[in-house]
Amino acid sequence: MKKKVWVLIDDRMGSNGQVRGVAGQLSLSKYEIEEKPLIYTKLAGLPNFLRGRSLIGVSDESKQGISQDFPDIVLSGSRRTAPIARWIRKKSGNKTKIIQLLYPGFWGRKDFAIIAVPEHDKDKIKGKNVMYTTGSPHRITEEKLTEARKYWQERFADLTSPQTAVIIGGSIKGKPFSLKNALSLGQAVKAFHDKVGGSLLITDSKRTGQEAENLIMKVLEGIPQYTFLWGDKSENPYMGYLACADKIIVSGDSVSMCCEACGTGRPVYIFRGEGWLTPKHERFIKSLVAGGYADYIENNNIDFKPKATLNPAKDIADRIEKL
């Protein structure tokens, strides 16, 4: 008989990608997987020690979908879903096992069968139910890359090889993406292209900012390229970039972007900038480089080959199998 798994989905794209990534690694012959969409009210902003094991902060519509026929396993991906997962466990008579991705806060840690946190956050939490991963779970699989490649490769067919994806983030909490760093990123990409040739597949973020975007694109002017910049209303080619690129350059401000890039098995080069990334981001990038998943772009090692493909979602799924 298949085990029933609920995947808690809320309004956070990053955490949704992580729980979906883990769910995608579970065997469909063993598990029956169902997504449970959650809509929050204003009370969801309360700290978890006040929400406890409850549905405080969850809309009435969402409550109806999780109030009966409790599952064997719940995948919870953020601080705000943790009290909901704990409530489900309580209502199941403590039979439901909770798999928590990312730090759930201090309260109720013993309720979780597994708390999976990236190594760069290991100073926050320790315990027998804690497992550490390099990076965070992501949605990239070989099957998805193959599907995206079939769909997008014709659109990039006129671009010269090798094709290098350039994935640009921007400002992070308390750390703006300065024009100085934007210029450095543009120059680093240009220097890389001067060595390897070919063309660029460029995309950026709302967090990049218009001035920084303009500066980067000015530096890269004249290089054969396919672009999808913030505000573009055409179809987003992000998965196509990951699938078709021969090499990938990514800014180090986004854990998810870096992990997804390293999940392709392609050579990945990370841009760090100056006075921009937090110590947490620096620890994270260092773990990717130490594991042989990526290199720093400033090393100019155009012959870099990754030692392995990053897949923390599979590691977590394997741990679930052992419960």
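**Exercise 1. The unit at the start of the chain**

Find out which handedness the β-α-β unit made by E1, helix H1 and E2 has, and describe how its strands pair in this predicted model.

*Solution.* Begin with the three elements in chain order: strand E1 covers residues 3-9, helix H1 covers residues 13-24, and strand E2 covers residues 31-37. Next, look at how the two strands run, and you will find that E1 and E2 pair in the parallel sense over 7 bridges. To fix one point of this pairing, take Val 5, whose bridge partner in E2 is Ile 33. Following the path from E1 over H1 to E2 then shows that the β-α-β unit is right-handed. As a last step, consider how well E1 is covered: 5 of its 7 residues have a relative accessible area under 20%, so by that cut-off they count as buried and the strand is mostly covered.

**Exercise 2. Building up the sheet from E1**

Determine in which order the 6 strands of the open sheet that holds E1 are arranged, and name its edge strands.

*Solution.* Start again from E1, which also pairs with strand E3 (residues 73-76), in the parallel sense and over 3 bridges. In this pairing Trp 6 stands opposite Val 74 in E3. Then move to strand E5 (residues 112-118), which 4 bridges join to E6, the two strands running parallel; here Ile 115 stands opposite Val 130 in E6. Putting the pairs together gives the order E2-E1-E3-E4-E5-E6, an open sheet with parallel pairing. The edge strands are E2 and E6 (130-133), since each of them pairs on one side only. Neighbouring strands of this sheet are turned by 20 degrees against each other on average, when direction is ignored. Finally, add helix H11 (residues 312-321), which packs on the sheet and touches E2, E3, strand E4 (97-101), E5 and E6, while its direction makes about 155 degrees with that of E6.

**Exercise 3. The other set of strands**

Work out in which order the strands from E7 to E12 form an open sheet, and identify the strands at its edges.

*Solution.* The 6 strands of this open sheet follow the order E9-E8-E7-E10-E11-E12, and the pairing is parallel. Strand E9 (225-228) and E12 are the edge strands, each pairing on one side only. Within the sheet, strand E10 (residues 247-251) is joined to E11 by 4 bridges, and the two run parallel. One position to look up in the structure is Ser 251, which stands opposite Phe 271 in E11.

**Exercise 4. Salt bridges around Asp 11**

Which residues are linked with Asp 11 in a network of salt bridges, and is each of them buried, partly exposed or exposed?

*Solution.* The principle comes before the particular case: side chains of opposite charge can pair when their charged atoms come close. In this structure Arg 12 forms a salt bridge with Asp 11, with the closest N and O atoms 3.9 Å apart, a value within the 4 Å cut-off. Arg 80 and Asp 11 also meet in a salt bridge, at 2.6 Å from N to O. This second pair links distant parts of the chain, because Arg 80 lies in the loop between E3 and helix H4 (82-91) and Asp 11 in the loop between E1 and H1, 69 residues apart. Asp 11, Arg 12 and Arg 80 are therefore linked in a network. Turning to accessibility, Asp 11 is exposed at 51%, Arg 12 is partly exposed at 45%, and Arg 80 is buried at 13%.

**Exercise 5. A salt bridge between two loops**

Explain why the pair of Glu 298 and Arg 272 ties together parts that are apart in sequence.

*Solution.* First establish the contact itself: the side chains of Glu 298 and Arg 272 meet in a salt bridge of 2.3 Å, N to O. Then locate both residues, Glu 298 in the loop between strand E12 (295-296) and H11, and Arg 272 in the loop between strand E11 (268-271) and helix H10 (279-290), so that the pair joins parts 26 residues apart in sequence. Both are partly exposed, Glu 298 with a relative accessible area of 41% and Arg 272 with one of 22%. In the whole structure, the count comes to 16 salt bridges.

Methods. Residues numbered from 1 in each chain as written. Predicted model: local features only at pLDDT ≥ 70, side-chain atom pairs only at ≥ 80, totals over all residues. Heavy atoms only, no water. Buried < 20%, exposed > 50% of the residue type's maximum accessible area, 1.4 Å probe, protein only. Pairing = 2+ DSSP bridges. Right-handed = clockwise from strand over helix to strand, strands pointing away. Axes fitted to C-alpha atoms, helices over the stretch in contact; angles between N-to-C directions. Contact = heavy atoms within 4.5 Å.
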